[in-house]
Amino acid sequence: MTAAAPPMSTKALLTDVTTVRLRPRYEGSNICTWIGFKHVNYLVEEAVLVHFAESGVPARRLYEEHGLGLDIVALETRILHAFHMDDVAEAEVVPDTAEDDRTLGFRVTLRVDRDGSVLKAVAAKVRVSLRADSYLPEHGEPSAEFAHFVVDRLGAEAGPDELAPIRVQMPDGDESAVLASLTEGRNAYAWKWNIPYPYCHFTERLQMSGYLRLMEEAKDRFVFDRGISIKTLLDDRKWIPVVPQSSVRVIDEAVMEEDLYTVYTVEEIFKDLTYTARMDCFVVRDGALTLTATGRITHGYAVIENRSDWRLVPFDRRVLDALGGEQSGT
């Protein structure tokens with residue numbers, strides 16, 4: 001006979017520190033051997049999932065036995081040193097949950113070996129909600145210790161001082177009118193997209209990794225629209241985009257096959273070195289646009305010096321004009 005699993009407890013989850021060695025996925029190496037920001041964030045996500053498993057509450061058990069979906073609802077990441085293909089990261093997960101928090105918090109540090117020295121490469125903050133499953137409602141009740149972190153809908157855990165769901169009246173007209181209303185008066189690009197199942201989890205809702213993929217696509221669409229596409233700058237001058245910081249927060253749920261309107265807005269250009277853009281995602285509910293996620297990403301550019309090295313470069317006039325709202329045409 002198989003022994004019954006011990007009851008789940010939050011003790012180790014909220015107190016123990018977990019360390020695990022992780023390797024970035026091959027897919028994340030798109031230019032030379034550097035790993036993009038999205039896959040760096042995937043390492044952070046995987047480290048948190050390992051922490052849950054090592055604490056006796058793996059995501060599979062939470063869902064199959066207790067009907068709880070482990071949802072990362074906030075992810076803020078600073079990248080201090082680039083990861084390369086075949087790097088091995090040492091990930092440290094430190095619980096960071098206050099007594100009155102409605103979400104489970106963690107601080108994640110990724111370290112990497114460089115020429116015999118261990119460098120702090122990434123510092124991240126993560127918030128997790130336990131979402132009660134409503135698609136298959138019959139399940140065993142979890143330990144009472146977890147009740148404080150269980151929500152019936154993502155975003156329900158927000159306090160009065162936190163960002164609450166935002167609804168914007170939907171303009172009359174076709175898709176182009178909606179997109180125009182979302183970008184009017186802004187240095188922005190927007191598009192409509194139907195949420196496919198590979199971006200979702202727990203049978204129905206868009207997950208954090210899906211929003212990270214959207215954030216990456218938003219940048220790609222924006223610079224293409226402004227005449228400085230990724231390939232254009234690679235071919236012209238061997239420039240690549242680099243990301244020192246990103247964040248995403250889930251405000252409400254977005255469901256498989258809903259239409260999602262994504263808006264990418266350039267907010268600030270800092271000197272000639274970096275710019276910060278905001279990503280907002282909306283779905284249509286009861287005739288209004290409802291915000292489901294918001295995030296920010298900081299970009300700079302680096303020039304490829306050889307197959308293993310790059311260095312940061314300042315923006316030139318062509319790039320500054322494009323980022324500022326003009327298509328230079330050159």
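# A tour of the predicted model

Begin with the surface of the whole protein, which exposes about 16,100 Å², with carbon and sulfur atoms supplying 49% of that area. Keep in mind along the way that this is a predicted model.

Next, switch to the C-alpha trace and turn it along its principal axes, where the protein spans about 70 × 60 × 35 Å. For a chain of 330 residues, a compact globule would have a radius of gyration near 20 Å, and the 21 Å of the protein agrees with this.

Now show the cartoon, in which you can look for seven helices and 17 strands. If you display contacts between residues with a separation of 6 or more, 72% of them join residues that are 24 or more positions apart. Colouring by accessibility shows another side of the protein, since buried residues make up 50% of its 330 residues.

Then select the charged residues, 37 positive and 53 negative, and compare the mean positions of the two groups, which are 5 Å apart.

Finish with the cysteines, where a search of the whole structure finds zero disulfides. Cysteine 281 is in no disulfide, and the nearest cysteine sulfur, which belongs to cysteine 200, is 13 Å away. Is cysteine 281 buried or exposed? Cysteine 281 counts as buried because its relative accessibility is 0%, and the cut-off for buried is under 20%. Select cysteine 32 for the last stop: with a relative accessibility of 34%, cysteine 32 counts as partly exposed.

Conventions
Residues numbered from 1 in each chain as written. Predicted model: local features only at pLDDT ≥ 70, side-chain atom pairs only at ≥ 80, totals over all residues. Heavy atoms only, no water. Disulfide = S-S within 2.5 Å. Buried < 20%, exposed > 50% of the residue type's maximum accessible area, 1.4 Å probe, protein only. Helix = DSSP H or I, 4+ residues; strand = E, 2+ residues; numbered from the N terminus. Rg over C-alpha atoms; globule rule 2.2 N^0.38 Å. Contact = heavy atoms within 4.5 Å. Areas by Shrake-Rupley, 256 points an atom, 1.4 Å probe, with all protein chains shown as cover. Lys, Arg positive; Asp, Glu negative; His and termini not counted. Charge placed at Lys NZ, Arg CZ, Asp CG, Glu CD.
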